[in-house]
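Trainee: Could you take me on a close look at one part of this predicted model, the place where two helices cross? I'd be glad of a connected account that also shows what surrounds it.

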Amino acid sequence: DAESGRVLAANNADQVVHPASLTKIMTLYMAFDALKRNQLSLQQPIRVSAHASAMLPSKLGLRPGDTLTTEQAVLALVTKSANDAAVALAEAVGGSLDNFVAMMNRQAQAWGLKNTQFKNVTGLTEAGHQSTPRDMAYIAGKIIVDHPTFYPYYSVRQFTYNKIKQDNRNMLLGRDPSVDGMKTGYTEA
C-alpha cells in the first residue's frame, strides 16, 4: 500500500536484481520533482542530444536537434519506454546525464534504499545497476504519494508522437479495470 507502506504480498522482495526499464520509475520520479519545483514545465521544449538519439533498443526515433515537450517525454517513458526520450529528459533535468544519475542515487540513499544503485536512466544492462523488488515498489509508492498530480500518466494507454501512435507496453491496462499501470521492463539480464 503506497500510503501506509504496508506490504500486501511479497516473494523474494529483497533479492538483488537488474531492474531493467523499471529504472524509469526513478527517472520519472526525479522529473516529476523538477516539475513540482517549477524547474521545467510540461510544455517546455527539450532538445535532443546526439547521445539521446543514439539510445537503443526502444525509442521514438528522435534525431539530434529534435525537440519534444517534457510532457511528450513523460508519455514516451510510460507508454513505449523510449530510451531516447528518457535520456533527453534526464539531460534537461540534470544538465548532464551523469549529474542526473547522481541525483537518482542521492535520492535512493536519502530514502535508505541500500540495495539500489543506478548507473543509467534507461535500465539498459550495466555492471552495478541493481535494485530489489522491495526498493522498486517503494519508489513506485513515492510517485503515488509525492506526485499524485502526475500519477495518472501511468494509466495512458496510447499517445501519438510525430503522427505515430505509441501503445502502452503494459498489456494489463484495459484488461482489468483495477490496473492503473506503472511500468514494465525486460532485459536479457
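Mentor: Happy to! Helices H3 and H4 cross in a left-handed way. Their axes come within 8 Å, and the crossing angle is roughly 135 degrees. H3 is therefore oblique to H4; an angle has to be over 145 degrees to count as roughly antiparallel.

Now look at the side chains. On the H3 side, the residues that meet H4 are Thr 70, Ala 73, Val 74, Ala 76 and Leu 77. From H4 come Ala 85, Ala 86 and Leu 89. Sorted by character, the residues of this contact are seven nonpolar and one polar, with no charged residue.

This brings us to the interior. In soluble globular proteins, nonpolar side chains tend to be buried together. Here the largest nonpolar core has 51 residues, and Met 26, Leu 60, Leu 68, Ala 85 and Leu 89 are the ones that touch the most other members. You have just met Ala 85 and Leu 89 in H4, where H3 makes contact. Two or more residues each are given to this core by H1, helix H3 (70-79), helix H4 (83-94), helix H5 (97-110), helix H6 (133-146) and S3. H1 gives the most, with nine residues.

Leu 68 is a good one to click on next. Leaving aside residues up to four places away in sequence, Leu 68 touches Ala 73 and Ala 85, and both of these belong to the meeting of H3 with H4. Its other contacts are Gln 44, Pro 45, Ile 46, Val 48, Leu 60, Leu 62 and Tyr 161.

Then there are some backbone features in the loops. Most residues other than glycine have a negative phi, and most peptide bonds are trans. In the loop between helix H2 (50-53) and strand S2 (67-69) you will find Pro 57, joined to Leu 56 by a cis peptide bond with omega about -10 degrees. Asn 38 is not a glycine, yet its phi is positive, about 60 degrees. Asn 38 sits in the loop between helix H1 (23-36) and strand S1 (45-47), and Asn 38 is exposed, with a relative accessible area of 68%. Lys 163 also has a positive phi, about 65 degrees, without being a glycine. Lys 163 lies in the loop between strand S3 (158-161) and strand S4 (164-167), and at 80% relative accessibility Lys 163 counts as exposed.

Definitions and conventions: Residues numbered from 1 in each chain as written. Predicted model: local features only at pLDDT ≥ 70, side-chain atom pairs only at ≥ 80, totals over all residues. Heavy atoms only, no water. Helix = DSSP H or I, 4+ residues; strand = E, 2+ residues; numbered from the N terminus. Buried < 20%, exposed > 50% of the residue type's maximum accessible area, 1.4 Å probe, protein only. Core = buried A, V, L, I, M, F, W, Y, C linked by side-chain atoms within 4.5 Å. Contact = heavy atoms within 4.5 Å. Axes fitted to C-alpha atoms, helices over the stretch in contact; angles between N-to-C directions. Parallel < 35°, antiparallel > 145°, perpendicular 65-115°, else oblique. Left-handed = near helix turned anticlockwise from the far one by under 90°. Nonpolar A, V, L, I, M, F, W, Y, C, P; charged D, E, K, R; others polar.
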